[in-house]
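Here are some notes for a colleague who is opening this structure for the first time. They take up the packing of two helices and then the nonpolar cores.

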Amino acid sequence: MAIVAPGAKRSEYSRVVAEARPLTVRPLVVPEVDEYLRNMAAVESESGVGGSGHSHPYSRADSFDVAEARDREVTRWSTAIDDVGWRRAWGLFDRAELVGHLYLAGGALRSELHRADMGMGIVASRRRQGGGTLLLETAIAWASDQPTIDWIDLGVYSDNPGARALYEGVGFQVLGHTPDRFRVDGHSLNDTSMTMNVRAE
């Protein structure tokens, strides 16, 4: 459930906070970009490992360069949501430790700014504790308060049925499937496209 600071409007990104003890969710701000990128790298390092589903289409041989990504993320986070290339991110915290993230991002064309792409990840040790639902509900609540956003889109891979069930549980619907969409470290990944209309009653 989203909790808003007294006197704040829910559309004020910096003040939308949620919690499900001991996990909490809050928006991330520019000084936390490095921490966010380190969490993203940690999640990506666990993708497809030990029987877990893939969360991204990158090979384990591909390095994740935090320094290279920093400037790009700062620009995205600083871009207004009615402009192309914007991004907003939320962090899942276990007390002071960042253990997961979710981002919403605008496209490269003005004609698609009514839609936001979504990505998320949680480190393996903190999964199945309600954090995924907490991240999703917080971001959906924020998006529904933005007059420029009508839809949230995402993709999920065929070897990650738990993630698909999580998305369906908060209201995402399947649009279609792309077989053999990616080939990662010898694995063929089918991609399922999902969407949610945040204006739907």
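1. At what angle do helix H1 and helix H2 pack, and how far apart are their axes? In this predicted model, helix H1, which covers residues 33-45, packs on helix H2, residues 66-77, at an angle of about 120 degrees, and their axes are 10 Å apart. Because of that angle, H1 counts as oblique to H2, and the crossing of H1 and H2 is right-handed.

2. As for the residues that make this contact, H1 contributes Val-33, Asp-34, Tyr-36, Leu-37 and Arg-38, while H2 contributes Val-66, Ala-69, Arg-70, Glu-73, Val-74 and Trp-77. Sorted by character, the residues of the contact of H1 with H2 comprise seven nonpolar, no polar and four charged.

3. Turning to the cores, the largest nonpolar core has 34 residues, and those with the most contacts inside it are Leu-102, Leu-104, Met-118, Leu-136, Tyr-167 and Phe-172. Two or more residues of this core come from each of several elements, among them strand S5 (97-105), strand S6 (115-122), helix H3 (131-144) and helix H4 (161-169). H3 gives the most to this core, with seven residues.

4. Met-118 deserves a look of its own: leaving aside its neighbours within four places in sequence, Met-118 is in contact with Leu-102, Tyr-103, Leu-104, Leu-136, Ile-152, Asp-153, Leu-154, Tyr-167 and Phe-172. There is also a second, separate core of 13 residues, which includes Val-33, Met-40, Ala-89 and Tyr-103.

Terms used:
Residues are numbered from 1 along each chain as its sequence is written. This is a predicted model: local features need pLDDT of at least 70, side-chain atom pairs count only at pLDDT 80 or more; totals for chains, interfaces and linings use all residues. Side-chain values use heavy atoms; hydrogens and water are left out. A nonpolar core is a set of buried Ala, Val, Leu, Ile, Met, Phe, Trp, Tyr and Cys residues joined through side-chain atoms within 4.5 Å. Buried means under 20% relative accessible area, exposed over 50%, partly exposed in between (1.4 Å probe, protein chains only). Helices (H or I, at least four residues) and strands (E, at least two) are DSSP runs, numbered from the N terminus. Contact means heavy atoms within 4.5 Å. Axes are lines fitted to C-alpha atoms, for helices over the stretch in contact, and angles run from 0 to 180 degrees between N-to-C directions. Angles under 35 degrees count as roughly parallel, over 145 as roughly antiparallel, 65 to 115 as roughly perpendicular and the rest as oblique. A crossing is left-handed if the near helix is turned anticlockwise from the far one by less than a right angle, and right-handed if clockwise. Ala, Val, Leu, Ile, Met, Phe, Trp, Tyr, Cys and Pro count as nonpolar, Asp, Glu, Lys and Arg as charged, and the others, Gly among them, as polar.
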